[in-house]
Amino acid sequence: MRVSILTREYPPFIYGGAGVHVGQLVPQLAKFTDAVDVQCMGEPREGATAHAENYPEGANGAIRTLGADVAMAAAIPEVDVVHAHTWYAQFAGIIASEFQDIPLVVTAHSLEPDRPWKVEQLGGGYRVSSWIEKTAYENADAVIAVSAAMIKNIQDAYPFVETERIHVVKNGIDPEEFKPDLDTDVIEGLGVDLSKPIVTFVGRITRQKGLIHLVRAARAFDPDTQVLLLAGAPDTPEIAAEFHGAFDELNELRGSGVKWVQEMLPRASVRQVLTHSTLFACPSIYEPLGIVNLEAMACEIPVVASAVGGIPEVVVDGETGLLVPYDPAKAGDPDYIANFEATFAEKVNELTRNPERAREMGLAGRQRCIDEFSWEKIARETVEVYEAAIEHRRAKKA
């Protein structure tokens with residue numbers, strides 16, 4: 001079997017979970033297929049054919065992405081299956097599937113109808129991205145959901161997607177890449193005190209990741225608890241300004257115990273930071289699965305997270321971390337949000353006050369990563385989806 005992987009992100013230039021997913025999946029797929037072609041966007045790099053998102057010049061970002069998609073579709077060699085990741089690459093998948101008359105597989109890392117705040121980032125491009133995604137799901141021979149929770153999300157957004165076309169293949173983690181790193185040069189260089197509790201966040205400054213809720217919750221953290229934010233790449237100037245304001249208030253309240261690292265650290269550095277943190281905070285308001293939680297667990301620290309999307313399929317409440325209920329439908333209720341933030345702070349304090357319990361949860365989390373989320377297992381399951389997609393395409397032609 002020959003497969004072409006279509007993605008916006010590919011190592012070493014990645015910024016989100018979809019890029020991590022593809023970067024880990026491709027080497028494993030090579031074990032179970034005859035050939036794996038990779039088409040990506042951005043700067044040239046080894047192991048993939050890259051296409052620039054610069055045409056038409058000056059156009060909305062979504063329109064420029066379509067230009068890269070057309071170039072991507074034209075560059076795909078003769079393959080048996082094309083597998084598109086995120087709406088950024090799905091238009092290329094639609095074209096290639098029709099042009100070569102081969103099955104199209106799409107992975108639901110997220111869904112545009114579930115992320116209406118993206119209109120702030122893309123403007124009219126959000127309508128374009130939504131149309132592309134809908135069209136891809138209409139034409140896909142198989143849809144991969146990265147969590148069981150995503151099945152309902154997919155069918156709520158796109159009721160025309162039959163259950164038999166949806167296959168659950170969860171994200172994974174490489175426990176040899178993310179494992180405890182006992183060195184301290186990186187984290188000490190960030191200016192934190194290793195003798196005091198450290199609550200760490202890693203992610204982009206976007207509505208989806210809920211960072212603003214963490215910053216507000218941190219006002220109620222115990223006085224000796226430090227807050228370390230590895231956060232950058234705000235989606236819009238408005239979101240950046242909102243976060244800056246909340247951070248400045250927190251910094252004024254808590255002083256030197258708050259650190260904000262805006263540049264993206266190498267993954268090895270993140271691994272060391274996680275290892276020496278007391279816990280990882282994930283206040284996401286939308287998360288199909290959440291690879292970053294797996295990365296933290298693999299480094300043997302517990303996770304305090306909002307119980308949304310696929311997070312409960314990763315973080316076992318009371319065993320590998322603590323979950324905080326969150327209802328996206330109540331996002332506009334100030335009292336509900338204030339209660340969510342207060343509860344989040346309580347869960348954080350519960351673990352920082354009990355380091356032995358936190359340690360036990362961290363050990364359990366790493367073991368769960370090893371047992372349930374290996375990339376080799378995920379690659380095998382993905383190839384099974386390719387086989388199902390081929391059969392679906394044959395049945396449509398019959």
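Helix axes here are lines fitted to C-alpha atoms over the stretch in contact, with angles taken between N-to-C directions. With that in hand, take α2 (residues 61-75) and α3 in this predicted model: their axes come within 8 Å and cross at roughly 40°. Angles from 35 up to 65 degrees fall outside the parallel and perpendicular classes, so α2 counts as oblique to α3. Behind that pair sits an open sheet of seven strands, and here's a quick tour.

**The sheet**
- Reading across, the strand order is β3-β2-β1-β4-β5-β6-β7, and the pairing is parallel.
- The edges belong to β3 (49-51) and β7 (166-168), each of which pairs on one side only.
- From one strand to the next, the twist averages 20°.
- For a closer look at one pairing, β5 (residues 104-108) and β6 (residues 142-145) run parallel and are joined by four bridges.
- Within that pairing, Val 105 stands opposite Ala 142 of β6.

**Helices packed on the sheet**
- Helix α1 (residues 17-29) packs on the sheet and touches β1 (2-6), β2 (35-41) and β4 (81-85).
- The direction of α1 makes about 160° with that of β4.
- Helix α3 (residues 86-100) packs on the sheet too, with β1, β2, β4 and β5 as its contacts.
- For α3, the angle with the direction of β4 is also about 160°.

**A closer look at α1**
- The length checks out: 13 residues at 1.5 Å a residue should span 18 Å, and the end C-alpha atoms of α1 are 18 Å apart, which agrees.
- Helix α1 is mostly covered, with eleven of its 13 residues buried.
- Among those buried residues are Val 20, His 21, Val 22, Leu 25, Val 26 and Leu 29.
- Gly 19, Gly 23, Gln 24 and Gln 28 are also on the buried list.

**Where α2 meets α3**
- The crossing of these two helices is right-handed.
- On the α2 side, the contact residues include Ala 62, Leu 66, Val 70 and Met 72.
- The α3 side includes Trp 87, Tyr 88, Phe 91 and Ile 95.

**Ser 4 in β1**
- Ser 4 is found in strand β1.
- With 0% relative accessibility, Ser 4 counts as buried, because the cut-off is under 20%.
- Setting aside neighbours within four places in sequence, Ser 4 is in contact with Asp 37, Gln 39, Ile 76, Val 79, Val 81, Val 82 and His 83.

Technical notes: Residues are numbered from 1 along each chain as its sequence is written. This is a predicted model: local features need pLDDT of at least 70, side-chain atom pairs count only at pLDDT 80 or more; totals for chains, interfaces and linings use all residues. Side-chain values use heavy atoms; hydrogens and water are left out. Two strands pair if DSSP finds at least two bridges between them. Axes are lines fitted to C-alpha atoms, for helices over the stretch in contact, and angles run from 0 to 180 degrees between N-to-C directions. Contact means heavy atoms within 4.5 Å. The expected span of a helix is 1.5 Å times one less than its number of residues. Buried means under 20% relative accessible area, exposed over 50%, partly exposed in between (1.4 Å probe, protein chains only). Angles under 35 degrees count as roughly parallel, over 145 as roughly antiparallel, 65 to 115 as roughly perpendicular and the rest as oblique. A crossing is left-handed if the near helix is turned anticlockwise from the far one by less than a right angle, and right-handed if clockwise.
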